[in-house]
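Here is a friendly walk through one protein chain, from its overall make-up to some of its finer backbone details. Keep the structure open beside you as you read.

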Amino acid sequence: MRGNPTARAAGIVVLVVTALLGSAYLLGRSLMPDQPQGQATAIRTNAEASYFADQPSTSAPTGPPSASSSPTEAGQDGSKRDAGDDKLFGAHSTTGTPRLALTFDDGPDPRYTPQVLATLREFDVKATFCVVGENAQDHPDLIQAIVADGHTLCNHSWHHDITLGTRSTDTIRADLKRTNDAIHAAVPGAPIAWYRQPGGAWSYSVVSVARQLGMTPLHWSVDPSDWQAPGARKITATVVSQVEPGSVVLMHDAGGDRQGTVDALRPILADLTQRFELEALPTEPT
């Protein structure tokens with residue numbers, strides 16, 4: 001039986017269109033470039049990298065702390081000094097032996113120096129006194145008492161000039177010689193083997209001049225900041241907790257209200273003499 005001609009024609013059209021669409025699809029696929037093998041894994045690759053956007057790289061520097069974070073010491077002017085670094089220009093900050101050295105700055109002072117001398121005598125301890133030239137000139141009897149008790153003398157400049165190290169070598173030399181002359185006027189021939197720069201503000205020039213005059217530059221390793229008058233209890237606690245063999249302890253017997261230092265000295269000596277040998281620094285240049 002013959003079919004309807006219209007239906008046959010429609011079926012042929014459908015077959016032709018289907019064939020054309022299939023051919024177009026295949027042609028289009030053949031013209032597209034191949035997908036790179038790794039592209040589909042790009043996100044995973046980023047996740048497997050050594051760091052993420054919100055996490056520091058493991059390759060970041062992890063070296064030692066910079067020099068600016070090193071321990072510091074405070075000078076009398078409140079300035080900070082790095083212990084053992086080149087800011088000391090070779091100044092001694094330890095005794096070089098297991099013994100401890102107590103040092104007293106800025107005197108002599110008729111209110112406090114006699115009390116310090118009496119307490120040292122009580123414990124049979126020798127110390128080092130870093131004296132200011134104008135005070136030595138005003139109180140020669142106290143310079144004589146210091147030497148008579150067997151303590152060591154140290155030059156501490158004429159007028160406690162913290163900026164002395166920045167001045168010309170001629171100015172530095174005149175200042176240190178003037179101070180030595182005032183000391184020797186009271187105790188002719190007494191050795192002055194040490195020089196301590198006020199505030200610990202060392203410079204190459206002041207160290208060089210001191211050495212030329214036969215004096216060894218003297219810094220410190222323990223500073224209870226008694227010049228700030230924190231009280232006897234705090235001064236004592238700082239000294240007895242921080243000292244170790246070879247320590248040079250900085251204290252003051254003048255330059256302000258030093259009664260706290262005087263009151264702290266007895267408990268300090270009671271503790272230290274049980275644990276260490278204490279000495280006056282040697283009177284020969286080192």
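A residue is called buried here when its relative accessible area is under 20%, and exposed when that area is over 50%. Phe276, at 17% relative accessibility, therefore counts as buried. Please keep in mind that the model is predicted.

## The chain as a whole

Let us begin with the broad picture. The chain has nine helices and eight strands. Of its 286 residues, 42% are buried. The accessible surface adds up to about 15600 Å², and carbon and sulfur atoms account for 56% of that surface.

How are the contacts spread along the sequence? Among contacts between residues at least 6 apart in sequence, 77% join residues that are at least 24 apart.

## The parallel sheet

Six strands come together in an open sheet, and their order is S7-S6-S5-S4-S3-S8. The pairing is parallel. At the edges are strand S7 (216-217) and strand S8 (248-252), each of which pairs on one side only. S7 is joined to strand S6 (residues 192-195) by two bridges in the parallel sense, and Trp194 has Thr216 in S7 as its bridge partner.

Further along the sheet, S3 and S4 are paired in the parallel sense over three bridges. There, Thr103 has Thr128 in S4 as its bridge partner. S4 is covered on both faces: Thr128 and Cys130 are buried on one side, while Phe129 and Val131 are buried on the other.

## Helix H3 and its buried face

Which residues of helix H3 (residues 113-122) are buried? They are Thr113, Val116, Leu117, Thr119 and Leu120. Seen down the axis of H3, these buried residues fall within an arc of 165°, so they line one face of the helix. This fits a general pattern: an α-helix has 3.6 residues a turn, so residues three or four places apart point the same way.

The buried residues of H3 pack against strand S3 (101-105), strand S4 (128-131), helix H5 (140-148) and helix H9 (259-275). H3 thus has a place on the sheet, where it touches S3 and S4, and its direction makes about 165° with that of S4.

## Helix H5

H5 has buried residues of its own, namely Leu142, Ile143 and Ile146. These cover an arc of only 105° around the axis, which puts them on the same side of H5. The partners of the buried H5 residues are H3, S4, helix H4 (133-138), S5 and H6.

## Backbone details worth a look

Some backbone angles deserve a visit in your viewer. As background, most residues other than glycine have a negative phi, and most peptide bonds are trans. Just after H3, Asp124 takes a positive phi of about 55°. Ser157 also has a positive phi, near 75°; this residue is in the loop between strand S5 (152-155) and helix H6 (169-186), and is buried at 0% relative accessibility. Ala229 has a positive phi near 50° and is found in the loop between S7 and helix H8 (232-242). Gly150, just after H5, takes a positive phi of about 90°.

There is a cis peptide bond too: Gly107 and Pro108 are joined by one, with omega about 0°. Pro108 is found in the loop between S3 and H3.

## Cysteines and the segment after H9

How many disulfides does the structure hold? The number is zero. Cys130 is buried, with a relative accessible area of 0%, and Cys154 is buried with a relative accessible area of 0% as well.

Finally, back to Phe276, the buried residue from the start. Phe276 is in the segment after H9. Leaving aside residues up to four places away in sequence, Phe276 touches Leu100, Val243, Glu244 and Pro245. Phe276 and Glu244 are 32 residues apart along the chain, yet 8.6 Å separates their C-alpha atoms.

Key. Residues are numbered from 1 along each chain as its sequence is written. This is a predicted model: local features need pLDDT of at least 70, side-chain atom pairs count only at pLDDT 80 or more; totals for chains, interfaces and linings use all residues. Side-chain values use heavy atoms; hydrogens and water are left out. Buried means under 20% relative accessible area, exposed over 50%, partly exposed in between (1.4 Å probe, protein chains only). Helices (H or I, at least four residues) and strands (E, at least two) are DSSP runs, numbered from the N terminus. The arc is that of the directions from the helix axis to the C-beta atoms. Contact means heavy atoms within 4.5 Å. A disulfide is a pair of cysteine sulfur atoms within 2.5 Å. Two strands pair if DSSP finds at least two bridges between them. Axes are lines fitted to C-alpha atoms, for helices over the stretch in contact, and angles run from 0 to 180 degrees between N-to-C directions. Accessible areas come from the Shrake-Rupley method with a 1.4 Å probe; for residues, only the protein chains shown count as cover.
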